[in-house]
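Here is a short tour for the bench, meant to be read with the structure open beside you. We will go from strand pairing to backbone details, then to the cavity and to model confidence.

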Amino acid sequence: MTTSIPHISHITIHGSNFMRDGKRFLIRGVVYQPRRTVSRSLSDYDYSDPLRDECIDDLKADIELFKELGVNAIKVYTFLPHLSHDAAFEALAAANIYVLVGLSTPRICINRLSPHDSYTPDLLKHYLQVVDDVSKYDNVFGVVAADHVVNNAETTPAAEVVRAVIRDVKRHMRQQHGSHGQRVLPVGIADEIYAAKTTDSIAYFTAGDKEEQIDFYSFVKYDRPMDDYWDEDVQRFVGKNLPIFVSEYGSNIIRPRHFHETTSLFSSNVATVLSGGFVYDFVEGSNRYGLVTTGGQKLGDFDNLKARYQETEVFQPQVNSNVAKLDIAQTSFPPVSEAWRASSQIPDSLLTDV
C-alpha cells in the first residue's frame, strides 16, 4: 500500500512537560486495543495488533469518533513489526492524533513471575524491531517498555529486568541515531497500582545512571471517583522532573460512567503535576469498559466523556519552550525491603548478542 504520511510536529520533553510547538501538551487520550478479525490469512496472534493496515477502514471510522470526542492521543499495547502500519499512521497523523506504543506482546513480554528467565535475545530483538519501525512515524511520542509488570511485593524483582530493557532500548536508539540518524524516542513505563501507590517505583527508575532512567512515568488508576480523586497522586509525584500521566483510568463500578475524574484531571492544581491521561477503553469488551461497541455504535460512556471534555478548559501554564531538556534529578535507589525487592544490580546487557 502506497501512503504519503503527513508531517506532524514531534512531541518533545522539557523537564516535567511534554511540549508541542512551544506549548505544553496534555494527553486527552483513550486506550485503543480492539481485536478485529478481518482476514483468515492472519494468525490469531496478528489480531492483537490494532493498527495493522488490514484494519484501516475500521480505524478511519474510529478516528472520526476520536475527533468527535476531542481525543489527541491513543495508547496501543501491541505493535507487530512484521506487519505494515503506514496507512494507520497516515490517517492518525492527518487527524493530529499521537500514539503511545507498547513494546511487548501477549507472547513476548517480561514475565513477572520469572523475569530474569524472560530476558532473552528474542525478547530484546522484538523490542528493538518495534522501536526501529515506529521511530519513522512523527506522531509516535513514546514507547512503553513495561506495562502492569509489578503488581505485588513478590513481583518487584522484575523491575531489575525492566530497567535492563530500558537501558538496552535507549542504547540501541543512540546507536541507530549515530549511524543512521534514526529518531530517538522517549522510553517509559506504565505501573500497576501496587507499584505506583505503595512502593517507590518511580525513584527506582529515576535513580543511578541516566542512560538507564525512564523518560516518562505513567500509572493506572481505577479508584471510585470522588471530589479529591487526584489529590494523593499530586502529592506523591510533585517535584519529579519528568512527565507523569495516567496510563489507564475510568472506574466502571457505576455505569454509565460520568467521568467526573476527567474534569479534575485537567484542573490547574492537578495539571501542574500530571500531564493528562488515557481513558480505558475505547471498544467494549467482556469487562464492560468500552465507549463504543465492536461495531462502532456509541455507548452512554462515549457521550458522557465527550461532555466532560467539552466542558473542561485545559489548564495551560506558561512554559519556556526554549529551555533545553533538563536531566532528571538523580535519586537514590529505594532500599531493598519486603515491599520492594529489586536491587540496583541489573542483568548484563544482551544487546551485542541480538
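## Around the barrel

In this predicted model, strands S10 and S11 run parallel and are joined by 2 bridges. If you want a spot to look at, take Val 246, whose bridge partner in S11 is Gly 277. Gly 277 also turns up on the S4 side: Arg 28 stands opposite Gly 277. Here strand S4 (residues 27-31) pairs with strand S11 (residues 276-279) in the parallel sense, over 4 bridges. On to S10 (residues 244-249), which is joined by 5 bridges to strand S9 (residues 216-221), again running parallel. Lys 221 has Tyr 249 of S10 as its bridge partner.

What do these pairings belong to? They are part of a barrel that 8 strands close, with parallel pairing and the order S4-S5-S6-S7-S8-S9-S10-S11. On average, neighbouring strands of this sheet are turned by 25° against each other, with direction ignored. A helix can be placed against the barrel strands too: H4 (residues 121-134) lies across strand S6 (98-102) and S7, and runs at about 170° to S7.

## A separate small sheet

There is also an open sheet of 3 strands, ordered S1-S2-S3 and paired antiparallel. Why is one side of S1 and of S3 left without a neighbour in the sheet? Strand S1 (12-14) and S3 stand at the edges, and each has a single partner strand, so one side of each has no neighbour there. As a general reminder, strands of a sheet pair through backbone hydrogen bonds, in either a parallel or an antiparallel way.

S2 and S3 are paired in the antiparallel sense over 2 bridges, and Met 19 has Arg 24 in S3 as its bridge partner. The loop between strand S2 (17-20) and strand S3 (23-24) holds Asp 21.

## Backbone details worth a look

Most residues other than glycine have a negative phi, and most peptide bonds are trans. Asp 21 has a positive phi, near 50°, although this residue is not a glycine.

Two cis peptide bonds can be found in loops that follow barrel strands. Arg 255 and Pro 256 are joined by a cis peptide bond with omega of about 0°, and Pro 256 sits in the loop between S10 and helix H9 (260-265). The peptide bond from Tyr 280 to Asp 281 is also cis, with omega near 10°; Asp 281 lies in the loop between S11 and helix H11 (300-311).

## The cavity

How many cavities of 30 Å³ or more does a search of the whole structure find? The search finds 1, and the largest cavity has a volume of about 50 Å³. Its lining consists of Ala 146, Asp 147, His 148, Val 149, Val 150, Val 162, Ile 189, Ala 190, Asp 191 and Phe 205.

By class, this lining has 7 nonpolar, 1 polar and 2 charged residues. Strand S7 (140-147) and strand S8 (187-191) each supply at least two of the lining residues. The largest share, 3 residues, comes from S8.

## How far to trust the model

The chain has a mean pLDDT of 91, and 90% of its residues reach 70 or more. Which stretch stays under 50? That is residues 321-326, for which the model has 9 contacts beyond four places in sequence. Where pLDDT is low, the predicted coordinates should not be read in detail.

How values were computed. Residues are numbered from 1 along each chain as its sequence is written. This is a predicted model: local features need pLDDT of at least 70, side-chain atom pairs count only at pLDDT 80 or more; totals for chains, interfaces and linings use all residues. Side-chain values use heavy atoms; hydrogens and water are left out. On a 1 Å grid over the protein atoms alone, a cavity is a set of points where a 1.4 Å probe fits but cannot get out, and a pocket is an open set with protein on both sides within 12 Å along at least five of seven lines; lining residues have an atom within 4 Å of a point. Grid points are joined across faces, edges and corners, and a volume is the space filled by probe spheres set on the points. Ala, Val, Leu, Ile, Met, Phe, Trp, Tyr, Cys and Pro count as nonpolar, Asp, Glu, Lys and Arg as charged, and the others, Gly among them, as polar. pLDDT is the predictor's confidence in each residue, from 0 to 100. Contact means heavy atoms within 4.5 Å. Two strands pair if DSSP finds at least two bridges between them. Axes are lines fitted to C-alpha atoms, for helices over the stretch in contact, and angles run from 0 to 180 degrees between N-to-C directions.
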